[in-house]
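Hi everyone, thanks for coming. I'd like to walk you through a structure that is new to most of us, so please have a look at it with me.

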Amino acid sequence: MRGLYIGIDVGGTNLKAGAVDAAGRLLAVERRPLAFRDPEAFAGDLADLAEAALSAAGAGPEDALGVGIGLPGAVSGGEVLYTTNIPMEHVPLADLFRRRLDLPVLLGNDADCAAAGEFLRGAGRGFRDFVVLTLGTGLGGGIILDGRLRGGETSSEAGHLVTHVGGLPCPCGRRGCWEQYASATALIRQTRAAMAEHPESLLCRLAAERGTVDGRTPFQAAEAGDETALAVCRQYVEELAEGTASLINLLRPEAVAFGGGVAGAPEQLLLEPLRRRVGELCFSRHGGRTTRILRAELGNDAGIIGAALLGRVTST
Ligand SMILES: [Zn+2]
């Protein structure tokens, strides 16, 4: 089975590797917990997992054309400059990997890989200018313009657009970053604040029944008609719309796709009002290209598929 690509997604707690065919179909996925000891052993773990994914697809290293590795951090060529969850700085990861498994290796930022996956096989198919925004612990993004990934060495940091001057402090060192208002983490904080103000609300009862608050909680209570939850969702859409409109005004993409757990919220509570509000805020209301606002399609597979096919959207 010649002509396969391997995509590896280095997550916060897990490593996942997938064997992908030339059409971008994910044939098999293998995963294991992330246990970092040193860069050499880490590269060895990645190579083992790549071989396991090939084997699960009924193939071997001789069938693979290349490997892409998506990491939470910044990369330059074959070097990891830093990662946010693993103590690696200036590590020649591509070389270390090749000592174990001699295949061409490309490194990428994980949000960029997810954007590449959606562009090639998911919500971005058929577009040339496309943005993916992932609503999770943070607010990550990847930008593809004229079919090429922007960034490369350093990822696009859409979450650190400032939408509130003098607003909440951000770990990046600035105040009022979009991520502090529109990530899943921010939504949970906003939900808890509303619960504290309205202890009698259905939102509070729902959270108590489930014993937790996550990015779905306010949407579930809003679907049941709870006013407190509806207000949380409306304000969240406002926060999301501000940054989205700025990005669209700047880049004028054909489409923006939203991924991450929050993006799974019911259309009528998230994407529909977001489309309406972004339409009011964007310059395209005066004419010209309007940007479609979509839901990402590939879920957690986007990062693997995008890493595997990274060579198709990078310039080198
Ligand atoms: Zn920031």
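I'll talk about the largest pocket, and then about one glycine by the start of the chain.

One thing to keep in mind: this is a predicted model.

So, how big is the largest pocket? Its volume comes to about 1,400 Å³. Around it we find 50 lining residues, and the ones nearest the centre are D110, A111, T134, G138 and G140. Several elements give two or more residues to that lining: the strands β1, β5 (73-76), β9 (130-135), β10 (139-145) and β12 (255-259), along with the helices α3 (110-121) and α10 (301-308). Which of them gives the most? That would be α3, with 4 residues.

What about the chemistry of the lining? Sorted by class, there are 25 polar residues, 17 nonpolar and 8 charged. And both domains take part: domain 1 (4-117 + 301-312) and domain 2 (125-295) each supply at least three residues to the lining of this pocket.

Now let's turn to our glycine, G3. You'll find G3 in the segment that comes before β1 (4-10). Is G3 buried or exposed? G3 has a relative accessible area of 18%, so it counts as buried, because the cut-off for buried is under 20%. Leaving aside residues up to four places away in sequence, G3 touches D21, A22, D63 and L65.

Finally, here is a pair to find on your screens: G3 and E157. In sequence they are 154 residues apart, and their C-alpha atoms are 33 Å apart in space.

That's my tour, thanks for listening!

Terms used
Residues numbered from 1 in each chain as written. Predicted model: local features only at pLDDT ≥ 70, side-chain atom pairs only at ≥ 80, totals over all residues. Heavy atoms only, no water. Buried < 20%, exposed > 50% of the residue type's maximum accessible area, 1.4 Å probe, protein only. Contact = heavy atoms within 4.5 Å. 1 Å grid on protein atoms, 1.4 Å probe; cavity = no way out; pocket = protein on both sides within 12 Å on 5 of 7 lines; lining within 4 Å. Points joined across faces, edges and corners; volume = space filled by probe spheres on them. Nonpolar A, V, L, I, M, F, W, Y, C, P; charged D, E, K, R; others polar. Domains from an automatic or database assignment.
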